[in-house]
Amino acid sequence: MREAVREGGGFEEAAAYSRAVRIGNVVAVSGTAAFADGAVLHPGDVYGQTLAALRKALDAAATLGAAREDVLRTRLLLAPGADWEGAVRAHHELFQGINPANTTYFVGGFIPEGVLVEVELDAVLREPPR
């Protein structure tokens, strides 16, 4: 069975994607930025954007039944020149003790302007599929 979380934003419709998708016991969360109500949250603050984006991604995963402890892999995508140390500090705060696989890397940029970081995560639920 396939379940999805959609926020209903214009970009979701234009690009035909979901915030998160669950198939069986696997949950994948799309690139998630600290963006709400048409505005970037924590402008210029990589740490704040990372924390907000990770929380938003974890909330989407939780809607599909995944707990933070189920997270298998995370990805931190950073804008050129962004403070990678701030990003990994935020990741550490949320995932210390869980220690998922992680890749952190710089990319060319983001939509919308002002986003300094996007996060992705994948989770595998320990419970049987719904």
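Trainee: I would like to start with N99, which sits in the loop between α3 and β7; what is the phi of N99?

Mentor: Before we read the angle, keep in mind that this is a predicted model, in which local features need pLDDT of at least 70 and side-chain atom pairs count only at pLDDT 80 or more, while totals for chains, interfaces and linings use all residues. Residues are numbered from 1 along each chain as its sequence is written, and side-chain values use heavy atoms, with hydrogens and water left out. As a general idea, most residues other than glycine have a negative phi, and most peptide bonds are trans. N99 is not a glycine, yet its phi is positive, about 50°.

Trainee: Is N99 buried or exposed?

Mentor: N99 counts as exposed because its relative accessibility is 58%, where exposed means over 50% relative accessible area, buried under 20%, and partly exposed in between, with a 1.4 Å probe and protein chains only.

Trainee: Which residue that follows α3 has a positive phi?

Mentor: That residue is G97, which comes after α3 and has a positive phi near 90°.

Trainee: Where is A16 found, and what value does its phi take?

Mentor: A16 belongs to the loop between α1 and β2 (20-23), and its phi is near 55°, which is positive although the residue is not glycine. With a relative accessible area of 67%, A16 is exposed.

Trainee: Which residues are joined by a cis peptide bond?

Mentor: The bond between I111 and P112 is cis, with omega at about 5°. P112 has its place in the loop between β7 and β8. That loop, between β7 and β8 (117-124), also holds G108, which counts as exposed at 75% relative accessibility.

Trainee: How do I read the length of a helix, and how many residues does α3 have?

Mentor: Helices (H or I, at least four residues) and strands (E, at least two) are DSSP runs, numbered from the N terminus, and the expected span of a helix is 1.5 Å times one less than its number of residues. Helix α3 covers residues 84-95, which makes 12 residues, and from its first C-alpha to its last it reaches 16 Å, close to the expected 16 Å.

Trainee: Which residues of α3 are buried?

Mentor: In α3 the buried residues are G86, A87, A90, H91, L94 and F95. They lie on the same side of α3 because they cover an arc of only 150° around the axis, the arc being that of the directions from the helix axis to the C-beta atoms. The general idea is that an α-helix has 3.6 residues a turn, so residues three or four places apart point the same way.

Trainee: Against which elements do the buried residues of α3 pack?

Mentor: The buried residues of α3 pack against α2 (46-63), β6 (71-78) and β7 (101-106). A90 is a good example to follow in this helix, α3, since its relative accessible area is 0% and A90 is therefore buried. Contact means heavy atoms within 4.5 Å, and, leaving aside neighbours within four places in sequence, A90 is in contact with Y47, T50, L51 and L54.

Trainee: What does F11 touch, if residues up to four places away in sequence are not counted?

Mentor: F11, which is found in helix α1, touches A16 and Y17 when those neighbours are not counted. A16 is thus a residue that we have already met, in the loop between α1 and β2.

Trainee: Where does V124 lie, and with which residues is V124 in contact?

Mentor: V124 lies in strand β8 and is partly exposed, with a relative accessible area of 34%. Its contacts, apart from neighbours within four places in sequence, are N25, D70 and L72.

Trainee: How many residues apart in sequence are V124 and D45, and how far apart in space?

Mentor: V124 and D45 are 79 residues apart in sequence and 30 Å apart in space, C-alpha to C-alpha. For G108 and L125, the separation is 17 residues in sequence and 33 Å in space, again from C-alpha to C-alpha. Read in the same manner, F11 and A62 stand 51 residues apart in sequence and 22 Å apart in space, C-alpha to C-alpha, whereas A90 and T103 are 13 residues apart in sequence and 14 Å apart in space, C-alpha to C-alpha.
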